[in-house]
Amino acid sequence: MAEQGGDLAGKRILVPESRDLDLFAGMMEQHGAETIRCPMVKILDLDDPAPAREWLERLLSEGFDDIVLLTGEGLRRLMTVARAMEREADVVAAIGRARVFVRGPKPVKALREIGCSPFKSAPAPTSDGVIAMLSEQELDGHRVGIQLYPDNPNEPLLDAVRARGGTPVAVTPYRYANDSETGAVQTAIRDMAAGRIDFVAFTASPQVRRLHEVAEACGLADAFRQGFIRTRIAAVGPVVAEAVEAAGGTVAVSPESTFHMKPLVNAIRRLLTDGAGG
């Protein structure tokens, strides 16, 4: 429930978060916003854990010289499989022996949860940033374990590893389930088009794709385009901003450097208090 006063008072903000929906909405409600919760994408374990198990078995038997983590969720799902294999401690030790490269702050946090730390973080939390980071590394003859995320086989990243003489060993350890209530998503699209939403705050690129997919499937493509034009859009970081732009939107605000939910909330607050948001 929105608090009285606060620099987000009177603003209706669409929150298409998934895993941390209540936490993210609560952050904005503390500053007076009225939030419209709209879960978009559920993250689930693989139906068949065999690919994740095989990747972990290679990590344990052969070892990886380098590991690339694109998401924190990916590492957590791999550790779930490791526990099911009763090899959690062995997996943590094997990760600790490798140089671990990360795309952004979320995998850093997941690494710390198991007592590990990254060797190097990408200069920008994007696939291009990871490729740029690896371009400066010696990978000749290296086995490189790469954790991908659903719906993106990321061939450019795998090719970049091969170009440096490395052998990529890729795994996608979780899946997306776009089975949230389509009716709620449709209502959100119509409300954006009608100007009933002041901001939509995206924290993951699948949320943008899900909104677009529902619009196309339900005859709301025009409403989606109108909504994306008239609604101010906040994006948690450059990957999400790229997805927004690909869908025809313009990002009004994004954190400058630290791509987490709290800096995103603060960026929205600054936009409004500075008067730049009208």
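**Polar contacts between the domains**

I started with polar contacts between domain 1 and domain 2, counting residue pairs with both partners at pLDDT 80 or more, and got 0. This is a predicted model, so I kept that confidence filter in mind. Next I ran the salt-bridge rule across the interface of domain 1 and domain 2, and that count is 0 as well.

**What the interface does have**

How much area do domain 1 and domain 2 bury between them? I get about 850 Å², with 61% of it on carbon and sulfur atoms.

Then I asked which elements give two or more residues to the domain 1 side that touches domain 2. They are helix 9 (205-217) and helix 11 (238-246). Helix 11 gives the most to that side, with 3 residues. I sorted this side of domain 1 by class and found 5 nonpolar, 2 polar and 4 charged residues. So charged residues do sit on the domain 1 side, yet the rule, which wants a Lys or Arg side-chain nitrogen within 4 Å of an Asp or Glu carboxyl oxygen, finds 0 salt bridges across the interface.

**Domain layout**

I went back to the split of the chain. Domain 1 comes in two pieces, 12-42 and 179-275, while domain 2 is 45-176. Where do the C-alpha centres lie? I have them 29 Å apart for domain 1 and domain 2. The contact takes 11 residues from domain 1 and 10 residues from domain 2.

**Sheet with strands 4 to 8**

I looked up the strand order of the open sheet of 5 strands, and it reads 6-5-4-7-8, with parallel pairing. Its edges are strand 6 (120-121) and strand 8 (167-171), each pairing on one side only. At the strand 6 end, I checked how strand 5 (residues 99-102) is joined to strand 6: the two run parallel, with 2 bridges. I noted one residue pair there, Val102 with its bridge partner Ser121 in strand 6.

**Strand 1 and its partners**

Last, I followed strand 1 (residues 12-15). It pairs with strand 2 (residues 34-37) in the parallel sense, over 4 bridges. Strand 1 is also joined to strand 10 (residues 199-202), again running parallel, by 2 bridges.

Which residues are the bridge partners of Ile13? In strand 2 I find Thr35, and in strand 10 I find Phe199. I left strand 1 with Ile13 bridged to both strand 2 and strand 10.

Methods
Residues numbered from 1 in each chain as written. Predicted model: local features only at pLDDT ≥ 70, side-chain atom pairs only at ≥ 80, totals over all residues. Heavy atoms only, no water. Domains from an automatic or database assignment. Contact = heavy atoms within 4.5 Å. Buried area = accessible area lost by both parts, 1.4 Å probe. Polar contact = N/O pair within 3.5 Å; in protein donor to acceptor, adjacent residues only side chain to side chain. Nonpolar A, V, L, I, M, F, W, Y, C, P; charged D, E, K, R; others polar. Pairing = 2+ DSSP bridges.
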